[in-house]
Amino acid sequence: MANLPDKNKLLRNFSRCSNWEEKYMYIIELGAQLDPLPSGTRIAGNLISGCQSQVWIVMNRDPQTGEVRFFGDSDAAIVKGLIATVFVFYHGLAPSEIVAEDVRPFFSELALSQHLTPSRSQGLEAMVRGIRKKPPHFIKRLRLSPQNAPPAGSSFNRFVARSVIAGLPCHGRSGRH
């Protein structure tokens, strides 16, 4: 994930800024460290609606590690930095954790909502919603991928498929998951 700090380092660095002008500059610097969007991903399907600026967020999984990777861009430097801040929060989380974790306490520690304009705050919330609605697709692909799936037609495979569609945890009687 680019050259971004982890959550704790971000909080420490943010607390070292003496005023909000310095914090805004730091946020902009974070945005400049984002990896570029992969080729061909600046498309309508990756555009986050609800942001005043144009924001693209792309998520994919590393085929070797299974880790969720984030890519983002915006036409506004401060918004690009906010994207980076959101990515710092979600970095290293499993898809199910991305859906479950509440980012608001992290933003409160940074006091972001107090110092952003209402439209930037709404855009930040839109980014979080956009990220949180993508992981179920990752979970479905992971659980139903040919490498992890029992043979087609098995009762366990049908159980997993029904559970994923219903959003239920996939634990069968056999203890396999």
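**Close-up views of the predicted model**

**View 1. The two sides of helix 2.** Glu21 and Ala32 are the exposed residues on the face of helix 2 that is turned away from its buried side. The model shown here, as in every view below, is a predicted one. Helix 2 covers residues 20–32, 13 residues in total, and spans 18 Å from its first C-alpha to its last, close to the 18 Å expected at 1.5 Å a residue. Its buried residues are Trp20, Lys23, Tyr26, Ile27, Leu30 and Gly31. Looking down the axis of helix 2, these buried residues fall within an arc of 145°, so they line one face of the helix. The spacing along the sequence is worth a glance here, because an α-helix has 3.6 residues a turn, so residues three or four places apart point the same way. Against which elements does the buried side pack? The partners of the buried residues of helix 2 are helix 1 (7–16), helix 3, helix 5 (104–110) and helix 6 (112–115).

**View 2. Tyr24, a residue of helix 2.** Is Tyr24 buried, partly exposed or exposed? With a relative accessible area of 27%, Tyr24 counts as partly exposed, since buried would require a value under 20%. Leaving aside residues up to four places away in sequence, Tyr24 touches Ile78, His115 and Leu116. One of these partners, Ile78, is 54 residues from Tyr24 along the chain, yet the two C-alpha atoms are separated by 7.1 Å.

**View 3. Helix 1 and what covers it.** The buried residues in this helix are Leu10, Leu11, Asn13 and Phe14. Viewed down the axis of helix 1, they fall within an arc of 165°, so they too line one face of their helix. Asn8, Ser15 and Arg16 are exposed on the other side of helix 1. The cover over the buried residues of helix 1 includes helix 2, helix 3, helix 5 and helix 6.

**View 4. The largest cavity and its lining.** How many cavities of 30 Å³ or more does the model hold? The count comes to one, and the largest cavity has a volume of about 50 Å³. If you would like to select its lining yourself, pick Cys51, Gln52, Ser53, Val55, Val79, Leu82, Ser119, Arg120, Gly123, Leu124 and Met127. Helix 3 (77–90) and helix 7 (118–132) are the elements that each give two or more residues to this lining. Helix 7 supplies the largest share, with five residues. Sorted by class, the lining has six nonpolar, four polar and one charged residues.

**View 5. Leu47, in the loop between helix 2 and strand 1 (55–61).** A relative accessibility of 34% places Leu47 among the partly exposed residues. Apart from residues up to four places away in sequence, Leu47 touches Gln54, Val55 and Trp56. Of these, Val55 also appears in the lining of the largest cavity. From Leu47 to Gly72 the sequence separation is 25 residues, while the C-alpha to C-alpha distance is 9.7 Å.

**View 6. His91, in the loop between helix 3 and helix 4 (95–100).** His91 has a relative accessible area of 32% and is therefore partly exposed. Which C-alpha distance goes with the pair His91 and Val68? Their C-alpha atoms are separated by 7.6 Å, although the residues are 23 apart along the chain.

**View 7. Ala111 and its backbone angle.** Here is one for anyone who likes to check torsions: Ala111 has a positive phi of about 60°, although it is not a glycine. Ala111 sits in the loop between helix 5 and helix 6. Its relative accessibility of 18% makes Ala111 a buried residue, because the cut-off for buried is under 20%.

**View 8. The whole chain, for orientation.** The protein chain has nine helices and two strands. Starting at the N terminus, the elements run α-α-β-β-α-α-α-α-α-α-α. Of the 177 residues in the chain, 44% are buried. Among contacts between residues at least 6 apart in sequence, 56% join residues at least 24 apart.

Conventions
Residues are numbered from 1 along each chain as its sequence is written. This is a predicted model: local features need pLDDT of at least 70, side-chain atom pairs count only at pLDDT 80 or more; totals for chains, interfaces and linings use all residues. Side-chain values use heavy atoms; hydrogens and water are left out. On a 1 Å grid over the protein atoms alone, a cavity is a set of points where a 1.4 Å probe fits but cannot get out, and a pocket is an open set with protein on both sides within 12 Å along at least five of seven lines; lining residues have an atom within 4 Å of a point. Grid points are joined across faces, edges and corners, and a volume is the space filled by probe spheres set on the points. Helices (H or I, at least four residues) and strands (E, at least two) are DSSP runs, numbered from the N terminus. Ala, Val, Leu, Ile, Met, Phe, Trp, Tyr, Cys and Pro count as nonpolar, Asp, Glu, Lys and Arg as charged, and the others, Gly among them, as polar. The expected span of a helix is 1.5 Å times one less than its number of residues. Buried means under 20% relative accessible area, exposed over 50%, partly exposed in between (1.4 Å probe, protein chains only). The arc is that of the directions from the helix axis to the C-beta atoms. Contact means heavy atoms within 4.5 Å.
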